[in-house]
Amino acid sequence: MSSEQINTKASRTVMIMAITATFASLAFGYDTGVINGALPYMAEPDQLNLTPALEGLVVSAICIGAAFGSALGGRISDILGRKPALTYLSILFFISTLGCALSINATMIIIFRFTLGLAVGSASTIVPAYLAEITTGNLRGSLVVLMELVIVSGQLLAYIVNAIIAITLGHDPHVWRYILAIAAIPAILLFFGMLINKESPRWLVAKGKTSEALDVLRLTHESEAKAIAELNDIQDLLAEQSIQQNLSFKDFTEPWMKKVLLIGIGVAILQQTTGVNTIMFYGSQILTKSGFSTDAALIGNIGNGIISVIGTLFGFTLVRRLTRRKMLTIGLIGILFANTCIGTISNIMAGSPNLPYFVLSLTITFLFFQQTFVSPVTWVYMSEIFPLRMRGTALGIAVFFLWGSNFCIQLLFPILMNTFGLSNTFYIFSSIGILSLLFTKFIMPETKGLSIEDIERKFRNDYK
């Protein structure tokens with residue numbers, strides 16, 4: 001292809017590669033959402049006979065695994081490549097899913113929920129890095145938001161499956177096994193999809209495989225000239241780093257890198273401490289606590305899932321128009337409003353038959369702002385701020401803190417609910433929201449409109 005020839009299939013190629021990689025995110029979403037409906041059935045005495053403490057361990061084990069998986073997955077993808085890492089990830093998803101579905105006691109399912117967490121955490125690190133590296137700058141934000149869209153779609157699918165099975169097959173004591181086993185399908189699709197997907201061109205250049213990288217860039221860029229220009233930019237950036245060819249954790253002590261890593265960790269923690277996963281994991285419990293029956297709560301949860309998908313679709317568009325900081329600020333203000341209203345109304349209307357409907361409407365409001373503004377820009381931001389040579393590892397560290405925060409919140413939320421009640425628990429989340437807004441305004445730098453190479457140069461110069 002000469003520099004004058006146009007590759008009209010470039011955008012389609014990038015999109016196919018991105019969709020294939022996000023089958024990992026579909027498994028991620030389903031596996032984090034499905035426990036909401038499966039838990040009541042598996043807890044029965046004739047099944048796994050779970051005590052409240054064991055229920056907490058079953059729910060939170062995936063978060064512990066995800067914390068370690070995010071750190072390990074990022075490092076493995078830096079060493080082996082994004083494509084092999086995602087291929088191995090599909091196998092881990094498949095084995096862990098079947099292990100959960102076939103568990104015969106609490107210990108077995110906790111172990112497999114932990115290994116499933118390793119897969120989920122790895123996916124939350126490798127997929128955004130891969131999506132950021134296979135695309136051009138103008139599409140990068142939208143494609144990373146695609147990952148978030150697929151995650152919430154997986155959660156919505158889990159909520160729908162939970163409700164349908166609860167209504168139609170609730171008499172079968174093993175119904176929870178069917179619910180969990182469905183998650184094997186995206187794992188299978190990911191495995192076969194990655195057999196034909198291409199490797200990240202930026203990873204290939206970093207490993208000295210220039211000709212292979214150029215072949216991929218020719219497929220994902222509109223012309224030979226643009227592909228070569230992109231290759232040259234990647235090579236120039238790596239040349240600037242030539243005196244530090246071997247990555248070590250000592251690199252993270254450099255002032256500029258330490259600053260960037262701390263900002264990434266801060267954004268990761270911010271995304272979790274809004275309280276979003278209390279609704280995603282304990283949504284039915286929140287609704288039953290406010291007055292809904294169990295079946296009504298499971299059906300109401302579908303509303304939460306639908307608004308998450310709708311919100312992410314809006315985020316898919318807005319991330320290309322608004323700055324990163326502006327999106328995060330709007331989202332955090334909306335979440336602060338929803339959390340404060342849940343706390344206030346739960347206190348004022350305690351015992352009212354209308355309370356659950358108000359709480360449901362406010363959780364939907366919460367999720368709209370979270371999934372439209374906060375979650376999309378979080379993944380985009382974390383995927384683009386870290387330097388190429390250590391992107392997977394650094395992203396893995398940040399996501400480790402994201403999942404660690406998630407675990408702490410999931411573990412503490414039932415305790416907070418029992419100790420302080422629904423109202424005061426959401427007031428606590430409101431207080432954290434104010435701190436998050438201050439972080440966004442005074443600490444988080446803007447990256448909108450810059451290539452990932454220019455972002456690295458900016459941080460190197462600003463944080464010398």
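**Exercise 1. Salt bridges**

Task: Determine how many salt bridges this predicted structure holds, and which residues are joined with Arg-82 and Glu-133 into one network.

Solution. The search of the predicted model gives 10 salt bridges. One of them is formed by Arg-82 with Glu-133, whose closest N and O atoms are 2.8 Å apart. This pair links distant parts of the chain, since Arg-82 belongs to helix H5 and Glu-133 to helix H6 (residues 106-134), with their positions 51 residues apart in sequence. As for accessibility, both Arg-82 and Glu-133 are buried.

A second pair to examine is Arg-324 with Glu-384, where the closest N and O atoms are 3.0 Å apart. Arg-324 lies in helix H16 (residues 324-348) and Glu-384 in helix H17 (residues 355-384), so this salt bridge ties together parts of the chain that are 60 residues apart in sequence. Arg-324 has a relative accessible area of 4% and is therefore buried, and Glu-384 is likewise buried, at 0%. The last step is to look for shared partners: Asp-78, Arg-82 and Glu-133 are joined into one network by salt bridges that share partners.

**Exercise 2. A salt bridge within one helix**

Task: For the salt bridge between Asp-215 and Arg-218, establish how the two residues are placed along helix H11, and whether Asp-215 is buried or partly exposed.

Solution. The side chains of Asp-215 and Arg-218 meet at 3.0 Å, taken from N to O. Both residues lie in helix H11 (residues 210-220), and because they are 3 residues apart there, about one helical turn separates them. Turning to accessibility, Asp-215 reaches 43% and so counts as partly exposed, while Arg-218, with a relative accessible area of 29%, is also partly exposed.

**Exercise 3. Aromatic pairs**

Task: State how many aromatic pairs a search of the whole structure finds, and explain why the pair Phe-368 and Phe-369 is edge-to-face.

Solution. The search finds 9 aromatic pairs. For Phe-368 and Phe-369, the ring centres are 5.7 Å apart and the planes stand at 85 degrees, so the pair is classed as edge-to-face; the cut-off needed for this step is an angle over 60 degrees. Phe-368 has a relative accessible area of 25% and is partly exposed, and Phe-369, at 21%, is partly exposed as well.

The rings of Phe-426 and Phe-429 can be treated in the same manner: their centres are 5.9 Å apart and their planes at 65 degrees, so this pair too is edge-to-face. Phe-426 and Phe-429 both belong to helix H18 (residues 391-442), where they are 3 residues apart, about one turn of the helix, and both are buried.

Two further findings complete the picture of the rings. Phe-368 and Phe-369 belong, with Phe-314 and Phe-373, to one aromatic cluster. Lys-441, for its part, lies over the face of Phe-442, at 5.5 Å from the ring centre.

**Exercise 4. Nonpolar cores**

Task: Identify which residues have the most contacts inside the largest nonpolar core, and list what Phe-93 touches beyond four places in sequence.

Solution. The largest nonpolar core has 132 residues, and those with the most contacts inside it are Met-42 and Phe-93. When residues up to four places away in sequence are not counted, Phe-93 touches Ala-24, Ala-27, Phe-28, Asp-31, Leu-116, Ala-119, Val-120, Ala-123 and Ala-187. Apart from the largest core lies another, of 13 residues, including Val-205, Ala-227, Leu-231 and Leu-388.

**Exercise 5. Two buried residues and their contacts**

Task: Describe the surroundings of Ala-21 and of Ser-375, leaving out residues up to four places away in sequence.

Solution. Ala-21 is found in helix H1 (residues 10-21), and at 0% relative accessibility Ala-21 counts as buried. The residues touched by Ala-21, under the stated restriction, are Leu-86, Val-127, Tyr-130, Leu-131, Leu-190, Met-194 and Asn-197. By way of a longer distance, Ala-21 and Ile-432 are 411 residues apart in sequence and 34 Å apart in space, from C-alpha to C-alpha.

Ser-375 has its place in helix H17, and its relative accessible area of 1% makes Ser-375 buried. Under the restriction stated in the task, Ser-375 touches Glu-148, Gln-271 and Gln-370.

**Exercise 6. Confidence**

Task: Find which helix has the lowest mean pLDDT among the elements of the protein, and which has the highest.

Solution. For the protein as a whole, the mean pLDDT is 84, and 92% of the residues reach 70 or more. Among the elements, the lowest mean pLDDT (74) belongs to helix H14 (residues 276-290), and the highest (94) to helix H5 (residues 82-101).

How values were computed
Residues numbered from 1 in each chain as written. Predicted model: local features only at pLDDT ≥ 70, side-chain atom pairs only at ≥ 80, totals over all residues. Heavy atoms only, no water. Phe/Tyr/Trp six-rings, centres within 6.5 Å; stacked < 30°, edge-to-face > 60°. Buried < 20%, exposed > 50% of the residue type's maximum accessible area, 1.4 Å probe, protein only. Helix = DSSP H or I, 4+ residues; strand = E, 2+ residues; numbered from the N terminus. Lys NZ or Arg CZ within 6 Å of the ring centre and 35° of its normal. pLDDT = per-residue confidence, 0-100. Core = buried A, V, L, I, M, F, W, Y, C linked by side-chain atoms within 4.5 Å. Contact = heavy atoms within 4.5 Å. Salt bridge = Lys/Arg side-chain N within 4 Å of Asp/Glu carboxyl O.
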